[in-house]
Amino acid sequence: MPTQTRDAVDTAPAELLTDEVKSQLQEAIKTVSEKQLREFVAELARKEPAAERELVKMLLVPRSKRKRADEVQSRWMACANCRVEYDVGEDRKAGECQYHPGELEPDYEAFVDDDYDETTIESEELMQEFPENYNWTCCGEDGTVEGCIAGKHVHGGESKKRKR
Ligand SMILES: [Zn+2]
Ligand SMILES: [Zn+2]
C-alpha cells in the first residue's frame, strides 16, 4: 500500500504511474477532504496550463451568447427551487426541475416512541432519515414523494449538500 503523505507524492517519479498507482490515485480523489481537493485543483490550474484550460471548460460558461467570450460565469449553480446543482451552459427544459414550494411538516403521531423530542423531530437530520413521517404543506404528500411542481431550474439557490 503506498502511503498518502505529501512527501510520497512529491517524490513519486512519473514512471511509477502504473495502472495500480492510477487506480490508487482515483481512490485518493474519492476520499480526500473537499477542502484539500479544492486547494490541489486551484494549484493545478495555476501550475499546469493544460489543466487550467480543461478546468475552464468544466467550470465556466460564457455569460451570454452575444457577449465577449471572456465574459464568463460559473457553469454550476444550485437551483433556487429544487436546490440541485445544474449546468448553466445547457438549454433549460420544461420539467427538468421538480420541487415542492411548501414546507415539510412533521406528523408527530408517526414518531411513536419517545426517543425524539419536538426539536429533534423538526431537525433536518430526522427529515432526511424518516421522510415518510413528514408531509408537504403544498400538496399533502409525504417526504418521499417527488416535487408537485415541475418547471425549469432557476439560479439563486444554495446547494443541498453544503452545510454551514
Ligand atoms: Zn408539494
Ligand atoms: Zn431546480
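The following questions and answers concern a predicted model of one protein.

Visitor: What is the mean pLDDT of the protein, and in which helix is confidence lowest?
Guide: Over the protein, 85% of the residues reach a pLDDT of 70 or more, and the mean is 86. Confidence is highest in α3, at 97, whereas the lowest mean, 54, belongs to helix α1 (residues 6-11). Where pLDDT is low, the predicted coordinates should not be read in detail. The mean asked for is thus 86, and the helix is α1.

Visitor: How many helices and strands are there in the protein, and in what order do the elements run?
Guide: The protein has six helices and eight strands. Read from the N terminus on, the order of these elements is α-α-α-α-β-β-β-β-β-β-α-α-β-β.

Visitor: How many residues of helix α3 are buried, and what length does α3 reach from its first C-alpha to its last?
Guide: Helix α3 covers residues 34-47, which is 14 residues, and it is hardly covered, the count of buried residues among them being zero. At 1.5 Å a residue a span of 20 Å is expected, and the helix comes close to this, its first and last C-alpha being separated by 20 Å.

Visitor: Is α3 parallel or oblique to α4?
Guide: Helix α4 (residues 49-59) packs with α3 at an angle of about 120 degrees, and their axes are 6 Å apart. Because an angle that is neither under 35, nor over 145, nor within 65 to 115 degrees counts as oblique, α3 is oblique to α4. Where the two helices meet, V41, L44 and A45 come from α3, while α4 brings A51, E52 and L55.

Visitor: Which residues make up the largest nonpolar core, and what does C82 touch?
Guide: Of the 164 residues of the protein, 5% count as buried, and the largest nonpolar core has five residues in all, namely C79, C82, Y86, C97 and Y99. Leaving aside residues up to four places away in sequence, C82 touches C97, Q98, Y99, G147 and H153.

Visitor: Where is R83, and is R83 exposed, partly exposed or buried?
Guide: R83 is located in the loop that lies between β3 (76-78) and β4 (85-87), and its phi is near 70 degrees, a positive value in a residue other than glycine. Because 16 other C-beta atoms lie within 10 Å, whereas 20 or more would be needed to count as buried and 12 or fewer to count as exposed, R83 is partly exposed.

Notes:
Residues numbered from 1 in each chain as written. Chains lettered and ligands numbered in written order. Predicted model: local features only at pLDDT ≥ 70, side-chain atom pairs only at ≥ 80, totals over all residues. Core = buried A, V, L, I, M, F, W, Y, C linked by C-beta atoms within 7 Å. Contact = placed C-beta atoms within 7 Å. Helix = DSSP H or I, 4+ residues; strand = E, 2+ residues; numbered from the N terminus. Expected span 1.5 Å × (residues − 1). pLDDT = per-residue confidence, 0-100. Axes fitted to C-alpha atoms, helices over the stretch in contact; angles between N-to-C directions.
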